[in-house]
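User: Please take a close look at one helix in this model and the parts packed around it. What does its covered side rest against, and what do those neighbours look like in turn?

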Amino acid sequence: MESKNKLIIFSYDFPPSNGGIARLCNEIANGMVANYSEIIIVTRKKEGPQQTYHNNAYTIIELPTQRLKCEWQAYTFLKCIANKQDYHLLCGVWHPEATISRLAGFKNINVLTHGAELLHGGQIFRKYFWLPMYAKWILNKTNIIANSAYTAKLSQKIAPKARITGLPLAVNHIFFKPKKDKKNKKIVIGTVSRVLQFKGHDFVLNVLNKLPIAYKNKLEWQIAGTGPYLKTLKNNVQRFGLQELVKFKGFLPDEILSDFYAGLDVFILATRENPKSSNIEGFGLVFLEAQACGVPVIGTNIGGIPSAIAHENGGWLIAQDNEQELTALLKNLIDNPKILQEQGLKARLRVEEECTWDLYCEQLFKILK
């Protein structure tokens with residue numbers, strides 16, 4: 001092993017937080033144990049069942065929750081590390097982690113980029129200062145690891161001098177796995193996400209509402225998740241009289257997500273992209289989770305979703321808000337249910353061959369070296 005045989009993961013988001021960045025950094029920490037003699041996690045202290053994530057193979061440095069104290073202690077800890085050249089440093093996001101790392105004297109800084117943090121969303125401050133000046137100054141001096149081809153392009157636009165590598169996310173294919181005895185009386189469609197308008201629930205509902213009654217009677221749509229658009233969505237379901245077709249499952253904890261996915265016949269998330277908003281699907285990990293459970297997926301051909309779905313190889317990509325395209329696809333799947341079985345097998349196989357965390361960490365280690 002070469003001299004740089006220690007890894008620091010600096011991320012304010014880490015379990016027991018359960019967001020996407022926290023889960024990603026946790027998978028990296030666990031997956032990199034075999035490649036490093038020492039792994040240190042620098043993160044903000046938070047409440048939660050620590051025994052569910054703490055691994056004796058790495059050390060966790062917990063920072064105060066108060067912002068200024070947190071950033072000062074992070075800076076102090078990193079500043080005091082001797083022989084910085086012997087460490088690979090990986091930041092969960094570029095701000096403030098990469099900034100603090102630079103100020104603390106680290107030169108070889110690796111940053112994960114995710115998508116939304118690279119968009120201004122129409123905000124003047126972010127558009128004219130935060131991204132083109134501050135982010136550019138920091139990111140141009142880092143090695144960027146983007147979660148999709150889309151995010152890599154966003155990163156390139158902001159930091160043209162940075163070394164940028166696209167590395168699509170992976171999924172825990174041991175936890176997310178198919179069911180052996182799925183016996184649905186109807187074709188069950190499922191969605192897992194925060195219930196926000198840009199996630200496209202209203203688009204899917206409109207398509208289902210316009211289907212001929214013979215097709216409606218063969219479908220059920222299960223929606224898992226909560227969010228500010230949930231009340232409006234429920235009202236629209238009642239207005240259309242689709243209470244028997246649409247079932248709301250609420251928030252699902254991680255431990256039962258696999259069972260939910262595996263019970264579906266097809267997964268759908270029709271996210272929208274709006275140039276005036278920073279809401280975007282930088283990758284779409286839910287698509288991989290569903291595919292790992294042997295469930296084919298439907299997603300919109302925007303943002304980083306094409307890095308999560310291979311069209312007609314375990315799923316389908318459709319144009320944003322194209323009701324005619326989704327209608328035709330759903331009718332074909334209802335008329336030819338064997339397609340769902342065939343694509344479900346392809347979905348699982350694709351995950352096993354291309355999208356496991358072992359493969360991800362193997363590629364990540366090559367990048368960090």
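Analyst: The buried residues of α2 pack against three strands, β1 (6-10), β2 (38-44) and β3 (59-63), and against the helix α3 (94-103). Buried here means under 20% relative accessible area, exposed means over 50%, and partly exposed is in between (1.4 Å probe, protein chains only). Contact means heavy atoms within 4.5 Å. Helices (H or I, at least four residues) and strands (E, at least two) are DSSP runs, numbered from the N terminus.

The model is a predicted one, in which local features need pLDDT of at least 70 and side-chain atom pairs count only at pLDDT 80 or more, while totals for chains, interfaces and linings use all residues. Residues are numbered from 1 along each chain as its sequence is written, and side-chain values use heavy atoms, with hydrogens and water left out.

In α2, the buried residues are C70, A74 and L78. They cover an arc of only 55 degrees around the axis (taken from the directions from the helix axis to the C-beta atoms), so they sit on the same side of α2. An α-helix has 3.6 residues a turn, so residues three or four places apart point the same way. On the face of α2 turned away from this buried side are the exposed residues L68, K69 and W72. The length of α2 (residues 67-79) also fits: its 13 residues should span 18 Å at 1.5 Å a residue, and its end C-alpha atoms are 18 Å apart. The expected span is 1.5 Å times one less than the number of residues.

The next part to look at is α3, the helix that the buried residues of α2 pack against. This helix is mostly covered, with seven of its ten residues buried. These are W94, P96, E97, A98, T99, I100 and S101. Their cover includes α2 itself, along with β1, β4, β5 and α4. One of the buried residues of α3, P96, is joined to H95 by a cis peptide bond, with omega about 0 degrees. P96 is placed within helix α3. After α3 comes G105, whose phi is positive, near 105 degrees.

Two of the strands that α2 packs against, β1 and β2, are also packed against by the buried residues of α1. Those residues of α1 further contact β4 (87-91), β5 (109-113) and α13 (357-368). The buried residues of α1 are I21, A22, L24, C25, N26, I28 and A29. Helix α1 (residues 20-31) has twelve residues and reaches 16 Å from its first C-alpha to its last, close to the 16 Å expected at 1.5 Å a residue. The loop between β1 and α1 holds P16, and a cis peptide bond joins P15 to P16, with omega about 20 degrees.

That leaves α13, which the buried residues of α1 pack against. T356 lies in the loop between α12 (338-354) and α13. Its relative accessible area is 6%, so T356 counts as buried. Not counting residues up to four places away in sequence, T356 touches A170, V171, H173 and V351.

To sum up, C70, A74 and L78 are the buried residues of α2, and α3 is among the elements they pack against. L68, K69 and W72 are exposed on the face of α2 turned away from the buried side.
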